[in-house]
Amino acid sequence: MTTAAEARWDNRWRHLPAFDPRGYRRVVAVAAHPDDETLGASGCLQALHAAGARVDIVVASDGEAAFPALGEEDRAALGRRRRAELVESLRVQGLDQAAIHWLGLPDSGLSGHAEDLTEVLRELLADADCCVLPWPYDPHPDHSTVGACVLAAAPVTAHCWSYPIWMWHWTAEDSPDIPWRRAFTCALSDEQRARKSAGIKAFVSQLERGPDGSDPILPPDVLEHFDRDHEVLFRESRAQSAPIARFSELYAAQADPWQTEDSWYERRKRQTLLAALPREHYRHAIEPACGTGTLTAELARRADRVSAFDAVADVVTATQRRQLPGVTVAQAILPAGFPDETADLVVLSEILYYLSDEDLRKTVDNAITSLASGGDLVLAHWRPWAPEATRDGAEAHELVAARPELSTVVEHRDEEFLLHVLRRQ
């Protein structure tokens, strides 16, 4: 029977998008204590494993301080017991092939070891393309510390997904701290749910009274939050703009890494963008993050002049070699780079989701400042969330469309991309 404490969450997750476990090569799941990964992400890890990913587990502490009244010897014994419980839990979950990395840091004291933890994690996560971590805002300080350290250490190419634990028990469902905008659900099959249940039962030390007679760490009212047919994961974003070095690396490996000339996605998006322009011809267009100049060449046919710029020196040189009539190409890094003279068209394509909150705000400020009254601002972005990105395309568009200086002229929502034309008042 579902209690009121569990029922209050029902309306929060039922309409969330689904987590997709496919396509990952190496997954590293990090836990503050043995059992966190099972409580919060067992179904997710089972699904990732079933989809072909290698799954490794990193455990920051042995959970030896679960019962604070224990003496030193009893704490050490509890730590050893919890290690054995995790090994058994992974076995019954079908995850016994996962390598376990024990860090042995002090339970309930991880915040004092954040720097060391980050350095160790940086090495362990180096080739991961998916990191599963405690929610960085979980009410338990060990969980929040580990979550923050993983985000600091994860490679820029890794997708990061966090799982809440004590949020379900200690946080109000309407708390503004819960990022429902970035929440996904991972549905559990009957088999996955049974394996998760068996995995939780393996942590006997957390389900029974402590050696000092204290209450169990995981009583029934806590466990019910983890006896669901789904799990909730939060897509964790980067705090900083994607580093320019990452784009330089991509262009060094391939002249046109996004296949802007040839791919059907790029050609269809470009055709849609050009068709959506409200005017046949513009006086002056500005195109930040112009890349190899494929769209730049099309804009040059619709404008007297185009001022294009990009952060990567080699791609700027390549675009300059096109010698497009009426086009100037410069090297500049957003949010700077906008020319001093006004324009009647600014095109921001496949760039805003790479920017931090502050850089996005300043970029839009500069774009609006550059636009003459009545000028058009075009946004075109891929819907999915790139690993290097701070957000997805939909969130970027929502933030820009909310600006009071702009009004919507055209809105196009495709399965793969979003397109907005906004006009400066």
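**View 1. A hairpin of E13 and E14 in the predicted model.** This predicted model opens with strand E13, residues 406–413, and strand E14, residues 417–424, which run antiparallel and are joined by 7 bridges. The two strands form a hairpin, and 3 residues lie between them. To find your bearings, look for Val410, which has Val421 of E14 opposite. As a reminder, strands of a sheet pair through backbone hydrogen bonds, either parallel or antiparallel.

**View 2. The open sheet that holds the hairpin.** Zooming out a little, we meet an open sheet of 7 strands with mixed pairing, in the order E10-E9-E8-E11-E12-E14-E13. Which strands stand at the edges? They are E10 and E13; each has a single partner strand, so one side of each is left without a neighbour in the sheet. From one strand to the next, the twist averages 15 degrees. Helix H14, residues 313–320, packs on this sheet and touches E10 as well as strand E9 (303–310). The direction of H14 makes about 165 degrees with that of E10.

**View 3. The pairing of E8 with E11.** Within the sheet just shown, strand E8 (residues 282–288) and E11 run parallel, with 2 bridges joining them. A handy pair to pick out here is Ala285 and, opposite in E11, Leu345.

**View 4. A cis peptide bond before Pro335.** Where does Pro335 lie? Follow the chain out of strand E10 (327–331): Pro335 is in the loop that leads to strand E11 (343–349). The peptide bond from Leu334 to Pro335 is cis, and its omega is near 15 degrees.

**View 5. Two residues with positive phi, Glu350 and Gln259.** Glu350 is not a glycine, yet its phi is positive, at about 55 degrees. This residue sits in the loop between E11 and helix H15 (357–370). Is Glu350 buried or exposed? Glu350 has a relative accessible area of 16%, so it counts as buried, the cut-off being under 20%. Gln259, also a residue other than glycine, has a positive phi near 50 degrees. The loop that carries Gln259 runs between helix H11 (244–253) and helix H12 (264–276). With 45% relative accessibility, Gln259 counts as partly exposed.

**View 6. Another open sheet, built from E1 to E7.** Here 7 strands form an open sheet in the order E3-E2-E1-E4-E5-E7-E6, and the pairing is mixed. Strand E3 (99–105) and strand E6 (183–187) are at the edges; each has a single partner strand, so one side of each lacks a neighbour in the sheet. On average, neighbouring strands of this sheet are turned by 25 degrees against each other, direction ignored.

**View 7. E1 beside E2, with helix H3 packed on the sheet.** Strand E1 (residues 26–31) and strand E2 (residues 54–61) run parallel, joined by 6 bridges. One place to look is Ala29, whose bridge partner in E2 is Ile57. Helix H3, residues 36–50, packs on the sheet. Which strands does H3 touch? They are E1, E2, strand E4 (130–134), strand E5 (159–163), E6 and strand E7 (230–235). The direction of H3 makes about 90 degrees with that of E7.

**View 8. Helix H5 and its residue Arg122.** Helix H5, residues 114–124, lies across E1, E2 and E3 and runs at about 165 degrees to E3. Arg122 is one of the residues in this helix. With a relative accessibility of 36%, Arg122 counts as partly exposed. Which residues does Arg122 contact, leaving aside its neighbours within four places in sequence? The partners are Ala152 and Ala153. Leu151 is 29 residues from Arg122 along the chain, and the C-alpha atoms of the two are separated by 9.6 Å.

**View 9. The whole protein, for context.** Stepping back, the protein has 16 helices and 14 strands, and its C-alpha trace spans about 80 × 45 × 35 Å along the principal axes. Of the 425 residues, 55% are buried. Among contacts with a separation of 6 or more, 76% are between residues 24 or more positions apart. The accessible surface comes to about 18,600 Å², and carbon and sulfur atoms account for 50% of that. The protein has 44 positive and 67 negative charges, and the mean positions of these two sets are 5 Å apart.

Definitions and conventions
Residues are numbered from 1 along each chain as its sequence is written. This is a predicted model: local features need pLDDT of at least 70, side-chain atom pairs count only at pLDDT 80 or more; totals for chains, interfaces and linings use all residues. Side-chain values use heavy atoms; hydrogens and water are left out. Helices (H or I, at least four residues) and strands (E, at least two) are DSSP runs, numbered from the N terminus. Buried means under 20% relative accessible area, exposed over 50%, partly exposed in between (1.4 Å probe, protein chains only). Contact means heavy atoms within 4.5 Å. Accessible areas come from the Shrake-Rupley method with a 1.4 Å probe; for residues, only the protein chains shown count as cover. Lys and Arg count as positive and Asp and Glu as negative; His and the chain ends are not counted. The place of a charge is taken as NZ of Lys, CZ of Arg, CG of Asp or CD of Glu. Two strands pair if DSSP finds at least two bridges between them. Axes are lines fitted to C-alpha atoms, for helices over the stretch in contact, and angles run from 0 to 180 degrees between N-to-C directions.
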